[in-house]
Amino acid sequence: MSDRNYSELGSHLKYGEKTTMKMLIAIDDSDYAIKVVNYVASTVKPMVNITLFSVLPTMSSNLEKMEKDLQQPLFSEKVVELRWMVDEEKKKAESRIEECRTILKNAGFPDDTVEVKMQNKIIGIARDIIAEIGKGKYDTVVVGRRGLSATASFVLGSVSNKIVQNIKDCTVWIVE
């Protein structure tokens with residue numbers, strides 16, 4: 001994105017009447033999420049309605065079923081560890097999204113223009129974000145180019161790439 005200031009994006013015309021722009025910012029628990037929110041806070045007027053959206057990690061229900069079926073102590077111990085790791089990731093994501101909300105508030109965004117949505121992963125991170133974009137009828141979605149760990153990126157693919165390839169009727173900003 002160029003050095004242009006996009007602060008004029010506070011409102012736009014839709015069907016002949018002025019409406020407020022809706023922007024979704026996809027947030028994960030990485031430090032990169034802070035960079036994305038700082039970019040938006042510095043380039044967009046505080047009258048934009050912003051949704052901070054985070055897809056939370058989940059543990060496969062198949063693992064829980066296997067734990068019950070197998071009744072193996074070592075396997076059960078690993079499932080307990082995995083459950084703890086998922087809970088820790090959720091806590092990090094909750095903390096990060098509150099940090100992002102504070103950045104927007106400090107940049108002059110009123111509380112009533114910033115919404116937080118967090119949901120457990122249903123299909124996959126990118127597809128869950130795409131589904132939320134469709135449901136919320138957002139005008140713009142903002143994602144970081146990097147946010148996943150190298151391992152997660154290898155397994156899941158690039159979230160931002162999937163969003164760019166599959167989104168329709170919505171502007172996509174990728175912050176690097």
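Which residues point one way from β6, and which the other way? Thr140, Val142 and Gly144 point one way. Val141 and Val143 point the other way. All of them are buried. The points below work outward from that strand. Note at the start that this is a predicted model.

1. **The strand β6.** Strand β6 covers residues 140-144. Five of its five residues are buried, so β6 is mostly covered. In a regular strand, side chains alternate between the two faces of the sheet. The split described above can be followed along β6, with Thr140, Val142 and Gly144 on one side and Val141 and Val143 on the other.

2. **The sheet around it.** Five strands make up an open sheet. Their order is β5-β4-β3-β6-β7, and the pairing is parallel. The edge strands are β5 (114-120) and β7 (171-175), each of which pairs on one side only. Neighbouring strands are turned against each other by 20° on average, direction ignored. As a general point, strands of a sheet pair through backbone hydrogen bonds.

3. **The two partners of β6.** On one side, β6 is joined to β7 by five bridges, and the two run parallel. Thr140 has Thr171 as its bridge partner in β7. On β3, the pairing with β6 is also parallel, over three bridges. Here Met23 has Thr140 as its bridge partner. Thr140 therefore appears in both pairings, given that strands pair through bridges.

4. **Met23 and its surroundings.** Met23 deserves a look in the viewer. Leaving out residues up to four places away in sequence, Met23 touches Val40, Val44, Val48, Asn49, Ile50, Thr51, Tyr138, Thr140, Val142 and Trp173. Two of these, Thr140 and Val142, are among the β6 residues that point one way.

5. **The largest nonpolar core.** This core has 25 residues. Met23, Ile25, Ile50 and Leu52 have the most contacts inside it. The elements giving two or more residues to this core are β3 (22-26), α1, β4 (49-56), α3 (73-106) and β7. Helix α1 provides the largest share, eight residues. Apart from this core lies another, of 15 residues, including Ala126, Ile129, Val159 and Ile167. In soluble globular proteins, nonpolar side chains tend to be buried together.

6. **Helix α1.** Helix α1 spans residues 32-43 and has 12 residues. From its first C-alpha to its last it reaches 17 Å, close to the 16 Å expected at 1.5 Å a residue. Why is α1 described as largely enclosed by the rest of the structure? Nine of its 12 residues are buried, so the helix is largely enclosed. The buried residues are Tyr32, Ala33, Ile34, Val36, Val37, Tyr39, Val40, Ala41 and Thr43. Val40 is also one of the residues that Met23 touches.

7. **Arg96, a buried charged residue.** Arg96 sits in helix α3. Is Arg96 buried or exposed? Its relative accessible area is 14%, under the 20% cut-off, so Arg96 counts as buried. Neighbours within four places in sequence aside, Arg96 is in contact with Ile27, Asp28, Asp29, Ser30, Asp31, Ala33 and Ile34. Of these contacts, Ala33 and Ile34 are buried residues of α1.

8. **The Arg96 salt bridge.** The whole structure holds seven salt bridges. In one of them, the side chains of Arg96 and Asp31 meet at 3.0 Å, N to O. The pair links distant parts of the chain: Arg96 is in helix α3, Asp31 is in the loop between β3 and α1, and they are 65 residues apart. Asp31 counts as exposed, at 61% relative accessibility, whereas Arg96 counts as buried.

9. **Salt bridges within helices.** Glu89 forms a salt bridge with Lys92, with the closest N and O atoms 3.3 Å apart. Both lie in helix α3, three residues apart, about one turn of the helix. Glu89 is partly exposed, with a relative accessible area of 30%, and Lys92 is partly exposed at 44%. Lys135 forms a salt bridge with Glu132, where the closest N and O atoms are 3.9 Å apart. Both lie in helix α4 (residues 125-136), again three residues apart, about one turn. Lys135 counts as exposed, at 60% relative accessibility, but Glu132 counts as buried, at 3%. Elsewhere, salt bridges that share partners join Asp31, Arg96 and Glu99 into one network.

Conventions: Residues are numbered from 1 along each chain as its sequence is written. This is a predicted model: local features need pLDDT of at least 70, side-chain atom pairs count only at pLDDT 80 or more; totals for chains, interfaces and linings use all residues. Side-chain values use heavy atoms; hydrogens and water are left out. Helices (H or I, at least four residues) and strands (E, at least two) are DSSP runs, numbered from the N terminus. The expected span of a helix is 1.5 Å times one less than its number of residues. Buried means under 20% relative accessible area, exposed over 50%, partly exposed in between (1.4 Å probe, protein chains only). Axes are lines fitted to C-alpha atoms, for helices over the stretch in contact, and angles run from 0 to 180 degrees between N-to-C directions. A nonpolar core is a set of buried Ala, Val, Leu, Ile, Met, Phe, Trp, Tyr and Cys residues joined through side-chain atoms within 4.5 Å. Contact means heavy atoms within 4.5 Å. A salt bridge is a side-chain nitrogen of Lys or Arg within 4 Å of a carboxyl oxygen of Asp or Glu.
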